[in-house]
Structures are given as C-alpha cells and as structure tokens.
Amino acid sequence: MFKYPTVFVIGAGASAEVNMPVGNQLAVKISELLNFRFKFDQIESGDPAVFFAARAAIGSNRMQIDNEIYVAGNRVSQALVVAPSIDTFVENFSHDQTLVAVSKLGIAKAILQAEKGSALFANSNGLDLRRVRGTWFASLAEKLFSGVSARDIKSAFKNVTFVTFNYDRCLELFLHAALIQWFGIDSNEARDVLSGVRIYHPYGRLGSIWATNGTAIPFGGENVELREVADGLMTYSESTRDAALAAAIHHQMREARNLIYLGFAFHEPNMQLLTVGRHPNHPFPRIIASTYGFSKPDTAVIEAQIADVYGMTSGETGGMILTHAGKCVEIFNQYGKTMMVAA
C-alpha cells in the first residue's frame, strides 16, 4: 500500500496497454464515424447511430439540421487528418454548438467501441484478469493491495489519487475486478470501496458503469443512449469552468509527495489544468514520468513543463524529476521502490 500521498496523472498511453487506441488511432476511428455520405436518403457511410443522436440533440427542423450535421461531421472528419487530437480541434471551435455536439457523439461511440475491443472487456465468462498480466494495471494492484488487511480494504486508497484525462472507464473497471479477485469480495462490496476512491476526470467520462442514480453505461456498451453518454464529456473550456473539480485536483497535487505521470502526452492545456504553482507550506513532490515515444530534446521540454506545474526553478529540479522512455509498466519496474517512499 502507498504510505505517502501519491497522485497518478493518467493519459491515453496508459490505456493503450490494454489495447485502447491512442492519438492518431482514435482520430482515424472518429473520422470514419463522422464521414457522413448519403445515397437516396440512406446513410452510406459514417455511423447512423451518431447521426440520428445528433439530429435528436440539435433541433427539430430536420432538413436544416441534417445539413448542419452533415457539414459538421465531414469538417471534423477531414480536420482529424491534420489536427493533433479531436480535443484540440473541438476546443478551437467551442463556440460552434453543432460541431461540438457531433464531435462528442463521435468520441462517445468510438470510445465505447474501443472499450469493447480492449483486454478489459468481459466475455460471457466474465473478466479474465490474466489478460492484463504484464501491464501497469497489474503492477498498480500489487502496490495498492500488498500489506492491506482484508478487514480494512478502503485503507488501500487512503493516500492515492487518480487524475485521468481519459474518457474511458478502464481504471474503474480494472480496480473493481482486482478488488473482487484479491480480497474475495462481491461486486457490491467492491463498488462500495470504489465509491470512496478519488478518481477525477477533468474532461468527463462516458458515464458510470454501475450507476445507482441515473442510467448505467456498460463498459463497451452497444445499446446505449449516445446523447446521454456524450453529455458526460467536456471540452477544455467547459472543464475550466468546474471550479470545484479544479480545486479538488489542485489540493491533492499540493499534498502529494509523489506525482506519477503515466501515458501522458503533456499537451499544454492539460498541463495548465494541473498547474498549482509554488506554495510556502508544501514541499515539492518527487515526480516520475513515462516519456515513451518522445525524443531526448522533447523530453527536456517536458521536464521543463513538469517543473512549471509547481513553479520549480532549474536549480530545484535535481533528483526531483525522473523521466523514463519506457511504457507505463516500466515505470513500475524501474521505480517501484522509489514511488513508495517520500521525496
């Protein structure tokens, strides 16, 4: 178990270890879903469920609305060839309600499909945790649950906070299954434990897998109301208006003794959301970051970005920022002992 306050900042690269798409892969899928083409009033390409959900969400003048959806969908579809991500593009046009609505519906459908194709999707025999062997998910469970009494399971999460910029529910689903298998508890008990875990989604998520109030959105669900799913997603501008969420994240960032970035792309808007600046009563945490796929020069830029989150000067970063060019699981392999002690 983690004895010191630890914050995990999770990006798309982390979910990639269970076969979720990242960056360009997700953009290609969304582009296909929004590439609307018609033949004799029938949808020939693009996703019909996305189109009809957009029609229901946007307005009642069918002819006008259909044309707006067609134009917005194809605009996004083509832009994703050059845009770094769907989130970046949508933020550029946050004033365009039709484009934002169509984009969110495309994201929702693409992520649900990706969840179904992931290693965490359960078949008729249930979720087989052996499918995540060798991933950071398995390593996380080992760190969380080792030394935790079965009579006090909630203590495993006392000092841990997760800030995930992903829309998917991979983390929640895995923790639920891991709790059941490790401690021999049932689903309701596992959900009770998870209800007290600090998991923040700055850009929202697809919905609750096990909703008690409202509609549950099954992991990888197909027969779902896309409008309801898309309503849970936020653009950067929408996220920054949630003062309570920002305050909760910043509080945990200041209290952290270890901060661990997993599969994160370090996009500037996301770094701004995390920025807490210097605080006289809080020492800097040790920061460990996976930089898989980045060059050495880009890693140097990332290290400067990481330092800026806490207002650290170049003379204060020595030994406090540890980067590793491996995948997320290698962060646990290389720094497994380091992340368990205070800086």
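Select Q252 and T161 together: in this predicted model, their side chains make a polar contact of 3.2 Å. Now colour the rest of helix 12, residues 243–255, and you'll see that Q252 belongs to it. Is Q252 buried or exposed? It counts as buried, because its relative accessibility is 16% and the cut-off for buried is under 20%. Show what surrounds it, skipping neighbours within four places in sequence, and you should find V7, T161, R198 and Y200 in contact with Q252. Want a distance to try? Go from the C-alpha of Q252 to the C-alpha of P285: they are 33 residues apart in sequence and 11 Å apart in space.

**Next stop: T164**

Click on T164, which sits in strand 4, residues 160–164. T164 is buried, at 4% relative accessibility. What does its side chain reach? Look for the backbone nitrogen of N166, at 3.2 Å. Then light up I10, I199, Y200, H201 and P202, which T164 contacts once you leave aside neighbours within four places in sequence. You've met Y200 already: Q252 is in contact with it too.

**Over to strand 7**

Select residues 286–290 to bring up strand 7, and pick out S290 in it. At 4% relative accessibility, S290 counts as buried. Which backbone nitrogen lies 3.0 Å from a polar atom of the S290 side chain? That one belongs to G263. G263 also turns up among the residues S290 touches, along with Y261, L262, F266, H324, G326, C328 and I331, not counting residues up to four places away in sequence.

**Along helix 8**

Now find helix 8, residues 170–183, and select F183 in it. F183 has a relative accessible area of 13%, so it is buried. Turn on F145, V148, S149, A150 and I153 as well: F183 touches these, not counting residues up to four places away in sequence. For another ruler exercise, try F183 to A156: they are 27 residues apart along the chain, and their C-alpha atoms are separated by 12 Å.

**Helix 3 and what it packs against**

Select residues 48–58 to get helix 3, then highlight its buried residues: V50, F51, A53, A54 and R55. Here's something handy to keep in mind as you turn the view. An α-helix has 3.6 residues a turn, so residues three or four places apart point the same way.

What do the buried residues of helix 3 pack against? Colour these one by one:

- strand 2 (37–39) and strand 3 (42–45)
- helix 4 (62–79) and helix 6 (97–116)
- helix 10

Before you leave, zoom in on the start of helix 3. A side-chain oxygen of D47 reaches to within 3.1 Å of the backbone nitrogen of A49 there.

**Out to the loops**

Time for some loop residues. Select E222, in the loop between strand 5 (198–200) and helix 10 (226–230). E222 is exposed, at 59% relative accessibility. Which residue's side chain does E222 join through a polar contact of 2.7 Å? Add K116 to your selection and you'll have the pair. You can also draw a line from E222 back to R55, one of the buried residues of helix 3. E222 and R55 are 167 residues apart in sequence and 19 Å apart in space, C-alpha to C-alpha.

Next, go to N19, in the loop between helix 1 (12–15) and helix 2 (23–33). N19 isn't a glycine, yet it has a positive phi of about 70°. N19 is exposed, with 54% relative accessibility. Then jump to F40, in the loop between strand 2 and strand 3. F40 isn't a glycine either, and its phi is positive too, at about 55°. Buried or exposed? F40 is exposed, with a relative accessible area of 72%.

**Zoom out**

Finally, show the whole chain as a cartoon and count along: there are 15 helices and eight strands. The C-alpha trace spans about 65 × 50 × 35 Å along its principal axes. Does the overall picture look like a ball or a string? What radius of gyration would a compact globule of 343 residues have? The answer is near 20 Å, and the protein chain has 21 Å, which agrees.

Switch on the surface, and you're looking at about 16100 Å² of accessible area, 50% of it belonging to carbon and sulfur atoms. Of the 343 residues, 50% count as buried. Last of all, colour by charge: you'll have 30 positive and 32 negative side chains, and the centres of the two sets lie 5 Å apart.

Methods: Residues numbered from 1 in each chain as written. Predicted model: local features only at pLDDT ≥ 70, side-chain atom pairs only at ≥ 80, totals over all residues. Heavy atoms only, no water. Helix = DSSP H or I, 4+ residues; strand = E, 2+ residues; numbered from the N terminus. Rg over C-alpha atoms; globule rule 2.2 N^0.38 Å. Buried < 20%, exposed > 50% of the residue type's maximum accessible area, 1.4 Å probe, protein only. Areas by Shrake-Rupley, 256 points an atom, 1.4 Å probe, with all protein chains shown as cover. Lys, Arg positive; Asp, Glu negative; His and termini not counted. Charge placed at Lys NZ, Arg CZ, Asp CG, Glu CD. Contact = heavy atoms within 4.5 Å. Polar contact = N/O pair within 3.5 Å; in protein donor to acceptor, adjacent residues only side chain to side chain.
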